[in-house]
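Please examine the structure shown below before reading on. The paragraphs that follow lead through it step by step, beginning with how far the coordinates may be trusted.

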Amino acid sequence: MTIESPRPMLSNYAGLSRASRLRWRIERRAHPLNLGLFRFGAVFVGILLSLAAAPLFTSASAGTLYSSMWSGTLGTTTGFENVLTIAIPLILSGLAASIPYRLQLWNVGIDGQIYMGAWAATGISYHLASQRSFVIIPLMLLAAMVAGSVWILLPTLARVYLGVSEVITTFLMNFVALGWLMYWATGPWYAPSAAGGVFAIAIPTQADLGLLHLNNIVVDWGILIALGLPLAFWAANRYSRWGYEVTMIGASEKAGRYAGMNVKRTLIGTMLIGGALGGLAGALNLMGTNYQLTPGVTNNTGFNGLIIAVLAGANEIGVLMLGIVYSILLSAGDAIQVVGGSADMVFAVIGITLIFGTFGEAYARLHLVRTRTPGMSSTEPEVGP
Amino acid sequence: MTIVNNHSDALTLRGIEKRFGELVAVKRLSLSFRRGEVHALLGENGAGKSTLMNVAAGFLTPDEGEIEVGGQRLGFGSPRASLAAGIGMVHQHFRLVEKFTVAENLAVGADDVSSISTPRQLIERARLLAEKFDISVDPASPVWALSEGEKQRVEILRTMSRGARVLILDEPTAVLTPDEATRLCTNLRAMAAEGTTIIFISHKLNEVLSVADRISVMRHGSLLETRERSDSTVATLSKMMFAEHETGTNQLGHRQRDSGEEILIVSHLSADDDRGVPALDDVSFVVRQREIVGVVGVAGNGQKELEQLVTGDRRPQEGSVTIDARPIDGIRSAIKAGLAYIPEDRKGTGLVPSQSIWRNAILRNYLEQPVNRHGIIRGRHARSFASELVARVELSTSDTATLVHQLSGGNAQKLLAGRELEQRRRIVVAVNPTQGLDIKAAEAVRTSLSDACDNGLAILLISADLDEALGLADRILVLYEGRVVGEFTAHDADRDHIGMLMGGARQ
């Protein structure tokens with residue numbers, strides 16, 4: 001799961017299985033198989049197997065189940081529009097996790113960053129309600145990115161300067177953000193029309209993202225950001241000075257220091273980029289889908305993004321592809337509810353793909369070998385002359 | 001050496017051999033330890049002391065040989081069984097649970113602790129144990145809040161409380177402050193007087209002479225001699241420890257050079273180590289162009305700190321380091337001033353094993369033209385730079401996309417040394433540059449250092465291998481307890497005299 005490390009993965013501890021002369025041992029392959037291929041392949045095998053098993057767990061017939069999945073995703077225009085819309089925050093969340101992951105840092109606070117991004121964007125939109133779109137929209141996106149970065153700043157500083165695990169702190173910040181959002185959405189910004197629900201007043205219509213018409217498919221232009229950013233980050237990682245520093249520090253902090261890199265600055269900067277992407281996901285979701293601040297603005301996107309980043313092995317193109325695959329799965333989950341299926345089934349499928357993907361990667365890196373126990377000649381009788 | 005099976009022997013090792021792949025760490029070694037003695041195991045780093053004792057304590061399974069405790073033969077490879085037989089080991093790196101209290105750590109794995117115990121009961125138990133073995137610890141304190149010396153006492157108490165009658169300590173003073181070390185030695189003498197056998201692994205001569213009853217000297221996996229303390233002096237021991245190595249790296253043939261201008265100037269350098277203990281005390285020297293200066297000393301006498309100070313990775317308390325009169329105040333400034341650096345940890349610090357050869361080739365100059373322009377790393381230039389390097393050092397592969405962990409140790413060091421000994425550098429800091437390499441690869445690295453020096457570089461060689469330093473260096477500096485205690489030129493270098501100074505003898 002980690003980005004390539006030189007540690008030997010031997011489990012031949014001398015004290016174990018001493019009774020047998022032959023034993024199984026997990027060894028690192030001298031030449032790993034194609035990691036990407038095995039990981040993605042395993043994810044697809046997981047999806048196919050779990051989809052094949054799906055009818056066993058619903059009351060609906062296999063035919064209705066599959067046809068509703070098909071029409072809810074790729075089979076119809078509305079289905080496809082749905083897939084693209086869900087893909088936007090998923091891909092951005094995937095990036096928000098995968099960019100720090102290149103430095104072995106975990107951003108588990110994407111949901112919180114989404115909340116804070118949406119909150120900041122909402123605040124800006126209220127204050128600039130009289131402005132035109134080309135003023136208000138960039139400012140909202142910018143504010144959301146700043147808010148996401150601010151939200152990850154404290155855990156980042158604690159990690160870099162005090163060694164506090166960012167896994168715990170970024171995760172806990174999610175709940176703080178949720179509380180903050182609830183306060184504003186039920187208090188100062190409470191919409192009278194919400195009728196007891198947690199909704200803030202809708203953002204002004206000039207703050208809505210415009211729609212793209214591609215033939216007969218209509219989707220907000222956030223999709224361009226979601227498709228463009230992975231490519232931009234992929235290129236930056238391969239070709240920029242920053243990308244080189246992240247690659248080398250991620251593989252060995254000591255080597256980064258040795259090369260004269262500012263390791264701390266790189267760690268902090270990269271985490272802040274992760275936070276900013278989380279905030280951006282929140283703003284795009286608000287401005288393209290929800291139009292008002294509500295806890296539903298995340299819809300578990302952050303955790304799905306984390307899974308995507310892990311399965312993609314922190315490869316941005318992989319994040320893009322898996323983001324689309326997962327949005328197809330989530331759209332299918334919505335669709336099967338109509339025919340009596342449970343949307344939770346999709347979360348089971350996502351969990352299964354994670355397990356498969358992890359095994360696929362392990363298989364590409366490791367193999368089982370059967371070896372003779374060495375060096376036992378003094379405690380066991382010699383065989384032969 | 002013949003072993004008489006004496007009933008007063010607490011532990012006897014017979015014909016122990018331990019190999020790691022090609023390397024023979026311990027060669028058919030036999031040694032016995034008496035009841036109630038402090039027995040020091042002395043030798044340079046890599047002599048095989050720790051390996052031998054890890055075998056005795058069941059942490060490693062030997063390839064050959066047997067272990068006898070009180071006339072009983074002991075099975076191999078089980079620390080638990082060894083401890084049950086009365087042999088316990090305290091490692092250099094403590095094996096305590098930092099978040100647990102002292103009392104809890106003492107209870108982990110103990111047989112006499114019921115599975116349902118209150119913290120109060122555990123603390124009471126710890127207090128009684130501390131009293132019984134006369135080792136003072138604070139039972140209620142969490143381990144992370146303890147000093148290294150206190151942690152060590154917890155380790156010792158834990159080992160003793162499991163019934164250890166032979167206590168092995170692996171370089172116990174390495175992590176201690178001088179006061180703590182003195183206190184430890186007093187405690188060990190008292191424990192030996194009570195009948196416990198103490199095996200004390202060390203490479204510090206003075207310490208060994210002050211605490212041990214008998215001293216065994218190891219070198220290259222073999223036992224040289226076991227002596228009573230009364231017939232041992234710094235001179236006799238250091239002569240054994242640093243005696244000429246038969247495979248001989250000293251036939252290198254020292255090259256005659258005319259050194260040039262002063263490049264590296266280290267003046268009045270004093271610095272603390274990570275524990276805040278003074279590690280270097282008023283060290284001054286210069287390294288000139290076309291000159292190799294070797295720094296020798298027993299590990300832990302300030303070499304690490306000197307290395308860090310010269311490469312810009314540590315701030316001095318006093319004094320300064322300059323390269324071509326430019327002060328060094330950070331890693332970046334050292335690189336800019338023309339410092340090349342071959343660190344001891346080649347796969348991890350000097351090279352990134354999981355990355356390609358070409359990414360590693362530009363590690364120290366990735367900010368310079370033409371590899372980097374306006375923040376873009378230009379792969380074409382980087383790869384052609386790497387190709388030239390690979391061709392120049394005659395690497396086993398010419399494909400610069402090969403990952404470094406696929407290279408052998410020798411090839412990795414060729415890549416690292418080749419990268420550093422080039423690029424318009426002024427001075428090279430090389431730390432144990434041939435450690436772990438086979439003879440041919442080591443020879444290639446030495447030749448490349450010598451050639452680079454002939455071509456106008458200044459070289460500071462920090463080496464734990466006296467033979468190597470004598471074979472390569474134009475001048476030798478001896479470091480002992482953070483001070484330069486001797487300086488020799490290639491002509492007047494007397495290895496016995498150097499060995500004595502390394503061991504701490506007064507000049």
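The term pLDDT denotes the predictor's confidence in each residue, on a scale from 0 to 100. It is needed here, for this is a predicted model. In chain A, the mean pLDDT is 86, and 90% of the residues reach 70 or more. Two stretches of chain A call for separate mention. Over residues 1-20 of chain A the pLDDT is below 50, although this stretch has 38 contacts in the model beyond near neighbours in sequence. Residues 373-385 of chain A likewise have a pLDDT below 50, and that stretch has 18 contacts beyond near neighbours in sequence. Where pLDDT is low, the predicted coordinates should not be read in detail.

The overall form of chain A may be considered next. Its secondary structure comes to 13 helices and four strands. Along its principal axes, the C-alpha trace of chain A spans about 95 × 60 × 40 Å. Of the contacts in chain A between residues at least 6 apart in sequence, 76% join residues at least 24 apart. Chain A has 385 residues, of which 49% count as buried. The area that chain A exposes is about 17300 Å², and carbon and sulfur atoms supply 69% of it.

One part of the surface deserves a closer look. Which residues form a nonpolar patch there? They are Leu153(A), Leu157(A), Tyr161(A), Leu162(A) and Val164(A), which together have about 460 Å² of accessible area. Leu153(A) belongs to helix α5, which covers residues 133-162 of chain A. Why can Leu153(A) be counted in the patch? Members of a patch must have over 30% relative accessible area. Leu153(A) passes this cut-off because its relative accessible area is 33%, a value that makes it partly exposed.

The final subject is the interface between the chains. The size of an interface is often given as the accessible area lost when the parts come together. Between chain A and chain B, the buried area is about 2800 Å², and carbon and sulfur atoms give 56% of it. On the side of chain A, Arg241(A), Tyr244(A) and Tyr258(A) lose the most area to chain B, together 27% of what that side buries. In terms of contacts, 30 residues of chain A meet 38 residues of chain B. How many salt bridges are there between chain A and chain B? The count is two. Among the details of this interface is a salt bridge that joins the side chains of Arg257(A) and Asp313(B), with an N to O distance of 2.1 Å.

Note on methods. Residues are numbered from 1 along each chain as its sequence is written. Chains are lettered from A and ligands numbered from 1 in the order in which they are written. This is a predicted model: local features need pLDDT of at least 70, side-chain atom pairs count only at pLDDT 80 or more; totals for chains, interfaces and linings use all residues. Side-chain values use heavy atoms; hydrogens and water are left out. Patches are made of residues with over 30% relative accessible area and no salt bridge: like charges are joined within 9 Å, nonpolar side chains (Val, Leu, Ile, Met, Phe, Trp, Tyr) within 5 Å. Accessible areas come from the Shrake-Rupley method with a 1.4 Å probe; for residues, only the protein chains shown count as cover. A salt bridge is a side-chain nitrogen of Lys or Arg within 4 Å of a carboxyl oxygen of Asp or Glu. Helices (H or I, at least four residues) and strands (E, at least two) are DSSP runs, numbered from the N terminus. Buried means under 20% relative accessible area, exposed over 50%, partly exposed in between (1.4 Å probe, protein chains only). Contact means heavy atoms within 4.5 Å. Buried area is the accessible area (1.4 Å probe) that two parts lose on being put together, summed over both.
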